[in-house]
Amino acid sequence: MQTPLQIRISWPAGHLTATLDDTPTTQALAQALPLVSTARTWGEEVYFDTGVSVSRETDARQIVEPGTVTFWTDGDALALPYGPTPISQGEECRLASPCNVLGRVDGDPGLLATVRGGDPVRVELVDA
């Protein structure tokens, strides 16, 4: 059994780790790490370009739990929702389009509220 992959996501005001499942998208992302990108925000979602291009997986979802780590295939971006987006109904996290589900943020996804659009974001593997 493969050890789950852990990544660290850092930005000027903080950082968090996430545990990712073994999916084709996770493997493609791991090959591209470490990476540095520029954060963008959309409602209570942080997303940023990864330079990784993958296909939408069969279990891609548009509505996810807060703190789900997703990959937005339309934008080659990691998308990290922590609350409602402009197209949510009620309190749900509704993504712009179905995204590949990679895993979950460890701890409180509300930390993502400290990310500002334009912040530099670094994503790297956490060494086991």
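In this predicted model, Pro 34 sits in the loop that connects H1 to strand S3 (35–38). The peptide bond leading into this proline, from Leu 33 to Pro 34, is cis, and its omega lies near 0°. Most peptide bonds are trans, and most residues other than glycine have a negative phi. A second backbone feature involves the latter angle: Asp 76 is a residue other than glycine with a positive phi, near 50°. Like the proline, this aspartate belongs to a loop, here the one between strand S7 (68–72) and strand S8 (77–81). How accessible is Asp 76? Its relative accessible area is 22%, and Asp 76 is therefore classed as partly exposed, the cut-off for buried being under 20%.

Turning to the helix that precedes Pro 34, H1 covers residues 24–32. Its buried residues are Thr 25, Thr 26, Leu 29 and Ala 30. Viewed down the helix axis, these buried positions fall within an arc of 135°, so they line one face of H1. The face turned away from that buried side carries Pro 24 and Gln 31, both of them exposed.

It is helpful to place these local features within the chain as a whole. The protein chain contains 1 helix and 10 strands. Read from the N terminus, the order of elements is β-β-α-β-β-β-β-β-β-β-β, with two strands ahead of the helix and the other strands after it. Contacts that reach far along the sequence are well represented: of those between residues at least 6 apart, 72% join residues at least 24 apart.

The overall dimensions can be described in two ways. Along the principal axes, the C-alpha atoms fill a box of roughly 40 × 35 × 25 Å. The radius of gyration of the protein chain is 13 Å, which agrees with the value near 14 Å that a compact globule of 128 residues would have. Of these 128 residues, 46% are buried.

Finally, the surface and the charges deserve a look. The protein chain has an accessible surface of about 6400 Å², and carbon and sulfur atoms account for 49% of that area. The chain carries 8 positive and 17 negative charges. How far apart are the mean positions of the positive and negative charges? The separation between the two mean positions is 3 Å.

How values were computed
Residues numbered from 1 in each chain as written. Predicted model: local features only at pLDDT ≥ 70, side-chain atom pairs only at ≥ 80, totals over all residues. Heavy atoms only, no water. Buried < 20%, exposed > 50% of the residue type's maximum accessible area, 1.4 Å probe, protein only. Helix = DSSP H or I, 4+ residues; strand = E, 2+ residues; numbered from the N terminus. Arc of directions from axis to C-beta. Rg over C-alpha atoms; globule rule 2.2 N^0.38 Å. Contact = heavy atoms within 4.5 Å. Areas by Shrake-Rupley, 256 points an atom, 1.4 Å probe, with all protein chains shown as cover. Lys, Arg positive; Asp, Glu negative; His and termini not counted. Charge placed at Lys NZ, Arg CZ, Asp CG, Glu CD.
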